[in-house]
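Morning, everyone. I have one structure to go through today, and I will spend the time on its ligand and its empty spaces. Here it is.

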Amino acid sequence: MTLDELEIKCKDCTNCDLCEGRTNLVFGIGKKDADIMLIGEGPGENEDLQGEPFVGRSGQLLDKFLASIDLSRNKNVYIANMVKCRPPHNRDPKPEEQEQCIKWLRQQFKIIKPKIVICVGRIAAQRLIDKDFRVTKQHGEFIDKNGTLFMGTFHPAAILRNPNNKELAFSDWLKVRDKINELGIEI
Ligand code: URA
């Protein structure tokens, strides 16, 4: 199955209650065979309205971090979320919602086959790296999982709330650039 075919199937998903509140399902965006994949938490209001991940204020900051290391959703990364429909009032997605939605994410992984996966924020890092992941302690560390490197970093929304972490987050993205160079990934 291609990513486009998967997206068409996913758009009709009713596997959990989040489908009831959505304007648009937010499947993901970017290069369909990207070596670098980013996973956020879930759509917010702007994303729900536009059907694209990270298009609000957080997204603008994320795009700046990406641009600083020559990455872009228009060119060389793929961006998705742990859940594809907006949780009401932007609450954290519930474990059962993540459990349902990760089935789609696993299929996205299988098709895209990224070499590096960046977990943007606690929710993705705790589900994909370590259930006790602490962003403040473990950000910027690469972990090999079956040949794919996973790294967790600060969520841009958290940086907007606490700009003191901006430098630390920037250093994480520089580590991504170093890892891309070290692995000889062509971007
Ligand atoms: N926050 C996320 O985690 N994902 C989005 O798509 C937007 C905001």
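Start with the ligand: one of its oxygen atoms lies 2.7 Å from a backbone N or O atom of Glu41. Before I go further, note that this is a predicted model.

There are two other contacts of this kind to show. A polar backbone atom of Phe54 is 2.9 Å from an oxygen atom of the ligand. With His155 the side chain takes part: an N or O atom there is 2.8 Å from a ligand oxygen. How much of the ligand does the protein bury? Taken alone, the ligand exposes 230 Å², and 92% of that is buried by the protein.

Now the shell. The residues around the ligand are Gly40, Glu41, Gly42, Glu47, Pro53, Phe54, Asn81 and His155. By class, that shell has four polar residues, two nonpolar and two charged.

Next, the pockets. Which pocket holds the ligand? The ligand sits in the largest pocket, and the space in that pocket comes to about 760 Å³. The lining is made up of 32 residues, and those closest to the centre of the pocket are Glu41, Ser58, His155, Ala157 and Arg161. Two of these names came up a moment ago: Glu41 and His155 are also among the residues around the ligand.

As for secondary structure, five helices each supply at least two residues of this lining: H2 at 45-50, H3 at 57-68, H5 at 122-128, H6 at 135-138 and H7 at 156-161. H7 gives the most, with four residues. The lining divides into 13 polar residues, ten nonpolar and nine charged.

The second largest pocket has a volume of about 270 Å³. Its lining consists of Ile102, Arg106, Phe109, Lys110, Pro114, Val117, Arg127, Leu128, Lys145, Asn146, Thr148 and Phe150. Two or more of these residues come from each of helix H4 at 95-112, helix H5 and strand S6 at 148-153. Helix H5 therefore deserves a second look on the screen, since by the DSSP numbering it is one element, 122-128, and it supplies at least two residues to the lining of the largest pocket as well. The biggest contribution to the second largest pocket is that of H4, with four residues. By class, this lining has six nonpolar, four charged and two polar residues.

That leaves enclosed space. How many cavities of 30 Å³ or more does a search of the whole structure find? The search finds one, and the space in it is about 100 Å³. Of the 16 residues that line this cavity, Cys13, Cys16, Lys84, Cys85 and Cys101 lie nearest its centre. H4 appears again here, giving the largest share of the lining with four residues. The cavity lining divides into ten nonpolar, three polar and three charged residues.

Last, two backbone details. Asp70 is not a glycine, but its phi is positive, at about 65°. Asp70 lies in the loop between H3 and strand S3, which spans 77-81. His89 also has a positive phi in a residue other than glycine, near 55°. His89 is placed in the loop between S3 and H4.

That is what I have; I will leave the structure on the screen for discussion.

Definitions and conventions. Residues numbered from 1 in each chain as written. Predicted model: local features only at pLDDT ≥ 70, side-chain atom pairs only at ≥ 80, totals over all residues. Heavy atoms only, no water. Near = heavy atom within 4 Å. Polar contact = N/O pair within 3.5 Å; in protein donor to acceptor, adjacent residues only side chain to side chain. Areas by Shrake-Rupley, 256 points an atom, 1.4 Å probe, with all protein chains shown as cover. 1 Å grid on protein atoms, 1.4 Å probe; cavity = no way out; pocket = protein on both sides within 12 Å on 5 of 7 lines; lining within 4 Å. Sits in = over half its atoms within 2 Å of the grid points. Nonpolar A, V, L, I, M, F, W, Y, C, P; charged D, E, K, R; others polar. Points joined across faces, edges and corners; volume = space filled by probe spheres on them.
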